[in-house]
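Me: I should like a close look at the salt bridges of a single chain, with attention to the surroundings of the charged side chains. Please treat the matter in one connected account.

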Amino acid sequence: MFLKTKVALSGQTIIKTFYTVSNYMIKNKSDRRDKLIKWLPVIALIVIAIIFRLYRTSTENHYLLAGSDGPYVPLQVKTMFENHRLAFPDMPLLFTLCTLFAKLLYLLPIGTQNECILLSVRFIDAFLPPLAAIPVFLIARELKTGKIKSTFANYLMVAFAILSFTPLFIFSHQLQKNGLAIIWVFLYLYYTFKIIKYENRKDIFKAIAVLIICALTHLGSFVLLVFISFLILAFRFFFQNDKFKIPSLKKLLLAAILLISIFALVAIFDYTRFSRIINAPLKIFEAPVVLFALNGQNFVLHGQTLIILIAMNLLAIQGIILLLRQRNNLDNYKIILGLALATCTLFLSSPFLGLEWANRLFMIAYIPITVLYLIIYNSIPGKWIKIPTTFVFIVLLTISFSFALFNKPVISISKNAYSELQQIKGKISFSRNDAIVGRQDLRLLANWTFETKGVSDYLLTKDEFNKYNSVYLLKQIKDKNPQIRSAEPVVTNNCTPIFKGEYFEIFKINDNSELPVEPKKIFKGVKGTIIEISNKKLLVKDYKTSKIRTVLINAIDTKTLNIHNGMKVEINGEWIPFSLSLNAETIKEVESFD
């Protein structure tokens with residue numbers, strides 16, 4: 001009797017266990033299916049982005065001929081492929097990835113070395129940048145609650161992160177370090193969000209790792225993350241319920257060591273860009289674009305750029321108002337991160353940014369605004385918020401799609417011109433230690449085609465000349481694309497013509513006798529006629545625009561130069577922040593401005 005009861009109980013237990021396990025497996029399968037369904041729109045958006053990027057780079061020899069940089073990335077990859085180093089100082093991660101993939105293709109083998117390099121560049125360009133959708137969706141999942149309906153808005157912001165004007169139009173005409181770095185930027189913001197919310201030490205280590213990877217990919221994106229981090233710390237000071245706790249000396253010291261180490265690493269790979277970024281705070285507002293526009297020289301604030309900037313500023317201002325009005329109903333970490341991102345957006349889209357920096361910063365304003373509105377859509381209820389703002393984002397996406405579909409990337413030279421350039425290699429015997437001087441896109445294309453080195457004309461000094469076996473000037477004489485602004489090199493009496501075709505001329509520089517000792521300074525100033533002279537100040541009428549420029553001449557010996565009214569001059573110097581006035585460093589009298 002006891003045995004029968006025991007067997008019956010055992011059977012019941014087995015059935016019950018089997019039933020529990022079955023329910024658990026069904027539930028898990030259902031959960032996995034639900035998670036997969038939630039990811040399907042993200043995958044679809046990534047595929048759309050990939051298709052657009054492949055379409056925009058489908059022209060023949062695209063990565064050699066598109067844009068003012070020409071084959072910069074393929075040339076860097078080729079040098080790393082052959083010599084395990086870069087041709088020019090730069091952050092190495094993107095080129096390393098392209099090189100590794102190119103070597104894999106070459107081993108299979110898919111094609112020649114150059115074909116594998118170009119295929120690798122196109123693959124990385126098409127497939128990696130759209131993966132930024134993944135960290136953006138992870139942020140959305142962290143923010144989403146059951147109380148507020150935000151599914152459509154979340155997918156819209158994922159789309160905006162990879163299909164808005166910058167990633168779809170600007171970053172897709174050539175493989176750029178910025179494009180790959182966007183993945184790390186959003187991933188860092190994801191871990192930063194988790195650090196502020198959960199204060200988990202593991203997330204801190206992950207964020208530091210992503211920050212280092214970002215620094216090795218693109219310096220500007222790394223600086224953006226450092227800037228956002230400082231903004232978060234600043235707002236954390238003002239929006240904590242308890243008193244602000246000053247970090248211990250040990251933590252401050254560790255943070256300082258980490259930051260100095262990363263900056264040192266950046267300086268090792270590319271000191272020129274490093275020094276430019278370090279000096280940027282003093283120069284970033286020199287010659288503001290809005291003052292140029294008000295003065296009748298609207299170089300930047302027009303067309304789609306103006307529409308996007310107005311939208312970015314209005315969305316950021318509205319975001320700040322919403323966060324402050326709802327601060328009693330929101331968690332502190334949302335207020336802190338939201339205000340930091342809104343402030344960052346206002347800075348990046350400020351019309352008071354200088355002419356040199358404006359376009360570089362305008363194009364990344366979409367990054368903080370994306371995460372800001374993920375916070376707003378998932379935290380503040382109300383259709384009156386979602387309907388107008390989602391409409392704005394849809395309009396911005398429509399602008400992006402229109403440009404991506406109907407505005408193909410600028411090709412620097414024609415197909416026939418490139419064909420002649422390829423033929424030159426068989427007519428002139430170049431060595432690997434020869435150097436080509438020419439406008440930037442053409443110089444880089446010649447380096448790729450002729451397998452030579454290259455040097456910018458303003459950097460060609462007596463000592464630089466001595467580094468090469470021979471130095472050649474390459475000049476295009478026909479079919480130059482007018483949208484390529486780089487100037488052709490100046491041919492002097494010290495140059496011997498060695499080739500003249502239908503599209504190009506090549507001259508050999510005989511010696512370094514006419515070359516400067518120091519590199520020329522890139523012209524940053526005004527060319528025109530002096531119309532008024534006062535105490536340490538000149539008024540100069542710009543020869544192109546007829547606008548009047550104020551030039552301060554505190555550092556110039558006016559007696560030696562014999563400055564007078566009506567004098568035609570080229571004045572080089574530095575712009576003054578928040579002004580169109582110029583601090584003159586050199587004044588040169590000229591006969592004409594041709």
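Is D441 buried or exposed? Please continue from there to the salt bridges of E451.

Reply: In this predicted model, D441 is buried, with a relative accessible area of 1%. Its salt-bridge partner is R439, and the closest N and O atoms of the two side chains are 2.8 Å apart. R439 is buried as well, at a relative accessible area of 2%. Since the cut-off for burial is under 20% relative accessible area, the values of 1% for D441 and 2% for R439 both satisfy it.

E451 presents another setting. This residue is partly exposed, its relative accessible area being 27%. One salt bridge joins E451 to K78, with 3.3 Å between the closest N and O atoms. That pair connects distant parts of the chain, 373 residues apart: E451 belongs to the loop between helix 21 (440-450) and strand 2 (453-454), whereas K78 belongs to helix 3 (residues 72-83). K78 is buried, with a relative accessible area of 5%.

The side chain of E451 also meets that of K425 in a salt bridge of 3.6 Å, N to O. Because K425 lies in helix 20 (residues 415-427) and E451 in the loop between helix 21 and strand 2, this pair ties together parts that are 26 residues apart in sequence. K425 is partly exposed, with a relative accessible area of 37%.

These contacts of E451 belong to a wider arrangement: a network of salt bridges links K78, E82, K425, R432 and E451. For the model, the count comes to 18 salt bridges.

Methods. Residues numbered from 1 in each chain as written. Predicted model: local features only at pLDDT ≥ 70, side-chain atom pairs only at ≥ 80, totals over all residues. Heavy atoms only, no water. Salt bridge = Lys/Arg side-chain N within 4 Å of Asp/Glu carboxyl O. Helix = DSSP H or I, 4+ residues; strand = E, 2+ residues; numbered from the N terminus. Buried < 20%, exposed > 50% of the residue type's maximum accessible area, 1.4 Å probe, protein only.
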